[in-house]
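Student: I would like a close look at a single part of this model. Please take me through the sheet and what surrounds it.

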Amino acid sequence: MRWNFRLDFRFLMVVDIDEAEFLATVRDCVFERIGDFGIIVNSKLEVRLLFNTLREIANNGIRIQRPRPEDTRTLVIGNSIDRVTAASGGDGPHGNGINIFRAHNVLVEGNHITNCTFSAIRANLGDGCRYIG
């Protein structure tokens, strides 16, 4: 059985996909005026972030992270990310459109990222990650 939802997240703190035991897909959602990270993925299992809109995000639009370097097989495809600040400060861990930390084999493809305080895409200890268009 497949469920399709269109969700509109406005004025929320964070959507956190934590240690998912299944394939998780966040698709065609709107995240706006978020006070921290737009989406955080902590799962080592396959997560798909597809065709979402994230705007006015306080720290990172999308963050894919692991407690230690390991494979994630996360897909980040076709998202629109705009106006990401670094509200928590620092010199780069915040203020990025997409932030990959200790997550291997992440595919980032065809995202439109604008107006970020630091990088459109930042990867730290992200081996085997691919960035396309």
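Tutor: Start with one pair in the sheet: valine 108 has tyrosine 131 of strand 15 as its bridge partner. The model is predicted. Strand 12 covers residues 107-109. Strands 12 and 15 run parallel, joined by 3 bridges.

Now widen the view. The sheet is open and has 5 strands. Their order is 3-6-9-12-15, and the pairing is parallel. Strand 3 (24-27) and strand 15 (130-132) stand at the edges. Each has a single partner strand, so one side of each is left without a neighbour in the sheet. From one strand to the next, the twist averages 5°.

Next, take alanine 123. This residue lies in strand 14, residues 121-124. Its contacts lead back to the sheet pair above. Leaving aside neighbours within four places in sequence, alanine 123 is in contact with Ile100 and Tyr131. Tyr131 is the bridge partner of valine 108. Is alanine 123 buried or exposed, or in between? Alanine 123 is partly exposed, because its relative accessible area is 40%, and that class lies between the 20% and 50% cut-offs. From alanine 123 to valine 106 the distance is 9.9 Å, C-alpha to C-alpha. In sequence, these two are 17 residues apart.

Last, confidence. The chain has a mean pLDDT of 85. Of its residues, 83% reach 70 or more. Residues 1-14 have pLDDT below 50. That stretch still has 31 contacts in the model beyond near neighbours in sequence.

Conventions: Residues numbered from 1 in each chain as written. Predicted model: local features only at pLDDT ≥ 70, side-chain atom pairs only at ≥ 80, totals over all residues. Heavy atoms only, no water. Pairing = 2+ DSSP bridges. Helix = DSSP H or I, 4+ residues; strand = E, 2+ residues; numbered from the N terminus. Axes fitted to C-alpha atoms, helices over the stretch in contact; angles between N-to-C directions. pLDDT = per-residue confidence, 0-100. Contact = heavy atoms within 4.5 Å. Buried < 20%, exposed > 50% of the residue type's maximum accessible area, 1.4 Å probe, protein only.
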